[in-house]
Amino acid sequence: MVEMLITGVRRDGVFPEEGQLQDNVKIERPAVVLDFIVARTIEVGDSTDEEPVITSSLFGKNIVLIGRNVTVVGNVQSNGKVVIKDGSKVLGNVVAREAEIGSEVNVLGNIITESHVALGRRSKVGGYVVSIRGTITTEDEVEVFDLFGDSELILGQDVHAMDYALFGGSGGVRARGGVILGEYKVEDPKDLDFRGSLNLLTILIPNQYNPKNALKYLRDNLNSIVDIKTYLQKHNVDIQRLERDFQLKPFEDMLKRMAKEITKNLSMAGPTITVTNAEGPVTITVGENNVVSVNAGESDKHQTVNLVELFQKARESILKGDLPAAYSAVAAITEAIPEGKPVPGELDEFVDAIRSRIREGIAPSEEIKEVLVSLLDTAYNRMLKL
């Protein structure tokens, strides 16, 4: 059995070798998967606006678990269970043994299962919701094209079906409140009971029945289903830019971990660190909130500066492309160094590297950002070891 983690941009799909579904695939944000995934199990983590998760079609033999706010451009299928959490979108069909749909989930196509289907509050399904051998339950304000349950339909309040009949099979249809069929709202669904269904046609006269609106709704939703490349183009998603961003993210995460570890080590350090230079001892004292006091011995020059904060500010400014802010933070660091104490050469290199770019208004490339951050980290480590 193979455990596979996917993050970033993945252009090729995941397919079984020799027809054996052995892979367990996990997708974590940020991620854009441009081809199908076929695996034993698939788990997709939550998506955010800053770190999206967009995938093509998914097929998991045992289960497909989709987190919050994920976009699946295609179908979700499983021989077992499909779980889709709040706020996600499936621009295709859901086919499974059973399906659990969260709140405000949007499925453009159909949901077809062998057994139970559960639809969360305000979820929307552009096509049919079908349970071949089981029940369908919905929470309030669900919107579908139509519902077909073999055993029973259990509806929340204000469920809206674009078609004019809901079929509940052997158990019929039970609703906690009013239902809307087509353009008609019915406050007491029991008035529509007809052979295991709610059928508005039992009380509508023929010239009032016009299915065109319902069929147009179904057709519009099904015509909206697109492949992932079309979806990305339609939403102006630049794959090349995403690849660059995703390649940079692991480096940024590493820097954040380094900064956190340095802060932790500094705050746990002993009361003083004594270093020696040509003029005499220099004491660096770590106080509360990582405030560092620098005492230059006989010269009695005493300054208080939060070195951690200044270095972090410079690093964050570089990653944002704000060279003036980074220059200001580094200038404050160099001013805090007592006279006669050597300035790390990396700080001088840093200043030289950005001074001309600030003067000429040149924005740093990603490669330059990496170089500048590397200089900062080296300079900080040298200052701690002086």
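This briefing walks through a few spots worth finding in the structure above. Keep in mind that the model is a predicted one. We'll visit serine 78, then helix α1 and its partner glutamate 143, which makes a side-chain polar contact with tyrosine 217, and end with a pocket of about 250 Å³.

**Serine 78**

- Look for serine 78 in strand β7, which covers residues 76-78.
- Serine 78 counts as buried because its relative accessible area is 6%, and the cut-off for buried is under 20%.
- A polar atom of the serine 78 side chain sits 2.8 Å from the backbone nitrogen of glycine 80.
- The backbone nitrogen of lysine 81 is also within reach, at 3.5 Å from a polar atom of that serine 78 side chain.
- Setting aside residues up to four places away in sequence, serine 78 touches a run of residues that includes Phe59, Gly60, Lys61, Asn62, Ile63 and Val64. Val95, Ala96 and Arg97 are also among the residues serine 78 touches.

**Helix α1**

- Helix α1 takes in residues 212-223, 12 residues in total. At 1.5 Å a residue, α1 should span 16 Å, and its end C-alpha atoms are indeed 16 Å apart, so the two figures agree.
- Ala214, Tyr217, Leu218 and Asn221 are the buried residues here in α1. Viewed down the axis of α1, these buried residues fall within an arc of 95°, which means they line one face of the helix.
- Turn to the face of α1 pointing away from that buried side and you'll find the exposed residues Lys212 and Asn223.
- What do the buried residues of α1 pack against? They pack against three strands: β15 (124-125), β16 (128-131) and β18 (143-144).

**Glutamate 143**

- Glutamate 143 belongs to strand β18, one of the strands that the buried residues of α1 pack against.
- The side chains of glutamate 143 and tyrosine 217 make a polar contact at 3.0 Å. Tyrosine 217 is itself one of the buried residues of α1.
- Not counting neighbours within four places in sequence, glutamate 143 is in contact with Ser123, Lys124, Val125, His160 and Tyr217.
- Arginine 121 is 22 residues from glutamate 143 in sequence, and their C-alpha atoms are 9.4 Å apart in space.

**The second largest pocket**

- The second largest pocket holds about 250 Å³ of space.
- This pocket is lined by 16 residues, and the closest to its centre are Ser47, Pro52, Ile54, Thr71 and Tyr231.
- Which elements give two or more residues to the lining of the second largest pocket? Those are β4 (53-55) and α3 (239-267).

Definitions and conventions
Residues numbered from 1 in each chain as written. Predicted model: local features only at pLDDT ≥ 70, side-chain atom pairs only at ≥ 80, totals over all residues. Heavy atoms only, no water. Helix = DSSP H or I, 4+ residues; strand = E, 2+ residues; numbered from the N terminus. Buried < 20%, exposed > 50% of the residue type's maximum accessible area, 1.4 Å probe, protein only. Polar contact = N/O pair within 3.5 Å; in protein donor to acceptor, adjacent residues only side chain to side chain. Contact = heavy atoms within 4.5 Å. Expected span 1.5 Å × (residues − 1). Arc of directions from axis to C-beta. 1 Å grid on protein atoms, 1.4 Å probe; cavity = no way out; pocket = protein on both sides within 12 Å on 5 of 7 lines; lining within 4 Å. Points joined across faces, edges and corners; volume = space filled by probe spheres on them.
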